[in-house]
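Trainee: Please take me through one part of this model in close detail, beginning with the words I need in order to read it.

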Amino acid sequence: MARDDDRPEDLYTTPITLPGAGAAGDEEADFEKSEISYDEQRYPARPRRLRPRDQFRGGSVRRNTTDPRTANGTNPSYVEWLVRQSMLKDADVLARQLSGQPAMWRNPYARPDARRAIASTDVWFTAYPISLITRPGQSFLAALGDDALWSAFERVGITAIHTGPVKRAGGIVGWRETPSVDGHFDRISTSIDPAFGTEDEFRALCDVADSHGGSVIDDIVPGHTGKGADFRLAEMGFKDYPGIYHMVEIPPEDWELLPPIPEGEDSVNLDPATEHELAERGYIIGALQRVIFYTPGVKETNWSATAPVTGPDGVTRRWVYLHYFKQGQPSINWLDPTFAGMRLVIGDALHSLGELGTSALRLDANGFLGVEKSAEGLPAWSEGHPLSHAANHIIAGMVRKVGGFTFQELNLTIEDIRDTGAVGADLSYDFIGRPGYHHALATGQTEFLRLALTSSLELGVHPVQLVHGMQNHDELTYELVHWATRHAEDVYRFRGREVTGAELAEEIRADLTQRLTVDADYNRVFTQNGIACTTTSLIAATRGLAQLDDISEADVPSIRDAHLLLCAYNAWQPGVFALSGWDLVGMLTLPADEIADLLRNGDTRWIERGAHDLLDADPTATKSASGMPRGRALYGPLPAQLEDPESFASRLSGILDLRREHGIATASQVDIPEVAHAGMLVLVHRLDEGDADADAAMQVTVLNFSAEPIEGTVRSERLVPQSEVVDAATGETLARVDDLQSFSVSLPGYGATFLLLRAPEPEPEGAAGAAGAAGAAAV
């Protein structure tokens, strides 16, 4: 699995092939059918049978005989300082405040409910703190809470802001904090990071949003924390804190197995040989199914060893801990007897919902919440584990219990998204159609997009369950996990021939790489995960514009039309529609030489994160308060756009008006029919709000992903003959469905149309017989 919105800058993934099986997730790799259980093996370091009396002896805190400035477990003041700012402590306090309150029983919580979530908010703005240009001296959160911004959002049709992670993140070394290593997804506190504003500004943002009929979406990270107070207390062996993490204490007699700690570091990644040796001795479960963000000499395994740390009990310990991502992101243990990790995560969620006033939460990297030893020498089971499903059910259920909802970014197979979503988050990010519609625009052909959409419907993931996002701060993800892993050997019909899933994924990636990066020098590949680009720069590349300087004002209308086509595709189908500030202002990528320092470590995504000014808050600013250079915006700020009926924002408002007026967000997608033109896509929906028994109207979205005008026939078995085909935007009747359940349609280049079907009025009972008698009399 790879994350879309939160990858570290040096992200690189290398899969571990399972002997005798397909790629990770293949049904043949059935971890539930072990012939020899873990319990039946004999390990020298196997834990002894619990002896309660022994466990509770000793452990009292020693009298402080050290310098009060000492930053280790021998200083009670330091330990107390860590406890006061730990997330586990905050979670315990908050839990006691909410426990036993009647509000905890007022909402249904057992099952995900996508339509309930969508009914509360269905069009989202995804923010990115360091790229937003604010008024001089104004914080990021204060800027998001600006009434003028929400007035503009209300006119466009945006009903929620996803803030992104804004709580304190990074780590603690001694008495000082260290910066985030992963864009604030290495959380260390429930408090707001002062770099983004204050808790009062966050609450004010929620109040302003509510006054405009909107809401605010926050993030939680159920898979890991940063190396903050909780991890430092865990290293000391203090109370419940080691139970938060997947960490194992290594006794001093085996410290010789652990690598030395480099100068200035607090941990070191294990090499594969050390990982294997510790697994053989029974300390850890060994290699996982894959090493995410693999980097030779930096991260070769998912395990790291700590330096020696002295605890309040005077014992010096070394640990080996699990981290799916960077060393600074220790993984949370969801099945420790203390349930400390669960308590921490639930407390963080309740703080956002109850203390700050948010309405929903994104679950980050929530597919990695369970790991289990494999006894046959295979890598440990770490993806698609039942514990992940159970943990997601608990998190999402708790959020629903207090009246909120959740969505997940789970870039796995369609089956994995379906199974996790069946019990967990209410919504999932759309990793299925997103690379498909980019490929359709890049090639002018919708064949792969139609395959992706029909596969999703057939396997039980419906568009109403998805967040259909445009650009966010990450790359255009094109890993195509569904085809490249679980279905790698399955055969598909594509471009007139049969190909395997693996070949299909490779061909789509090659198409995108050629059109978007080789043919255009302003977009770049980001490792093997995708392409760094903005929506606007992607469109410019498909238009044959090879360099940034080639993009002139004369090119803006066609780029804007293609951009609106992609908006219509995402908005005129069930589910949530999401877009960013870069979309709203038409941002291009930054020239590489302006951010050479940021690109030095290979993270090409920085080119797509240019600073942008939504409100014309500071026209003279050349960079954001965080230092991101201002990018070139083809459309301009929202106030000016909303005064121009032909602008991107004004025409987007019309697209969203049709979406809301006809309830497409909560409709049911019933058909993705074959098309008469390679560039055409047809989506057929019932406007039934999920009630299959309702007498609902039919709606058809027709889109042209090519730059040329097209004429074609729409045909679907779901269409009722003799129905009138009405353009919802103009009210004009365009055609009538014939007896072959089809009608003709014409679209300009990058055109899109929202069609309503008015079924024929049923003939009154007996009318046909009366007409026949009258005819006979006339003869």
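Mentor: Helices (H or I, at least four residues) and strands (E, at least two) are DSSP runs, numbered from the N terminus, and a residue is called buried under 20% relative accessible area, exposed over 50%, and partly exposed in between (1.4 Å probe, protein chains only). This is a predicted model, in which local features need pLDDT of at least 70 and side-chain atom pairs count only at pLDDT 80 or more, while totals for chains, interfaces and linings use all residues. Residues are numbered from 1 along each chain as its sequence is written, and side-chain values use heavy atoms, with hydrogens and water left out.

Let us start with strand β18, which covers residues 466-469. From this strand L466 and H468 point one way, whereas V467 and G469 point the other way, and all of them are buried. The strand has partners that can be followed one at a time, and two strands pair if DSSP finds at least two bridges between them. Strand β17 (residues 427-429) runs parallel to β18 and is joined to β18 by 2 bridges, and in that pairing S428 has L466 of β18 as its bridge partner. Strand β24 also runs parallel to β18, this time with 3 bridges between the two, and here V467 is matched with V576 of β24.

These pairings belong to a closed arrangement: 8 strands form a barrel in the order β2-β3-β8-β15-β16-β17-β18-β24, and the pairing is parallel. Neighbouring strands of this sheet are turned against each other by 30° on average, direction ignored, where axes are lines fitted to C-alpha atoms, for helices over the stretch in contact, and angles run from 0 to 180 degrees between N-to-C directions. If you follow the order around to its two ends, you come to strand β2 (residues 123-126) and strand β24 (residues 576-580), which pair in the parallel sense over 4 bridges. Within this pairing, the bridge partner of V123 in β24 is F577. Strand β24 therefore gives you two points to find in the display, since V576 is the partner of V467 and F577 is the partner of V123, pairing being counted by DSSP bridges.

A pairing of the other sense can be found at strand β7 (residues 187-192), where 5 of the 6 residues are buried. Strand β4 (residues 167-169) pairs with β7 in the antiparallel sense over 2 bridges, and the bridge partner of K167 in β7 is I192.

From the strands we can turn to helix α13 (residues 434-443), which is mostly covered, with 9 of its 10 residues buried. The buried residues of α13 are R434, P435, G436, Y437, H438, H439, A440, L441 and A442. Just after the helix, G444 takes a positive phi of about 75°. Helix α17 (residues 535-542) packs against α13 at an angle of about 35°, and the axes of the two helices are 8 Å apart. Contact here means heavy atoms within 4.5 Å, and H438, L441 and A442 in α13 meet L538, I539 and T542 in α17.

L441 also leads to another helix, because L441 is among the residues that L565 touches by the contact rule, when residues up to four places away in sequence are not counted. The others on that list are L703, N704, F705, Y750, G751 and A752. L565 itself is found in helix α18 (residues 556-571), and with a relative accessible area of 1% L565 counts as buried. One of its contacts, F705, lies 140 residues away in sequence, yet the two are 7.6 Å apart in space, C-alpha to C-alpha.

That contact can be set beside the figures for the whole chain. Among contacts between residues at least 6 apart in sequence, 72% join residues at least 24 apart. The secondary structure of the chain comes to 23 helices and 32 strands, and of its 779 residues 59% count as buried.

A last place to visit is S742, which is in strand β31 (residues 742-747). S742 has 8% relative accessibility and so counts as buried. Leaving aside neighbours within four places in sequence, S742 is in contact with T713, V714, R715, R736 and V737.
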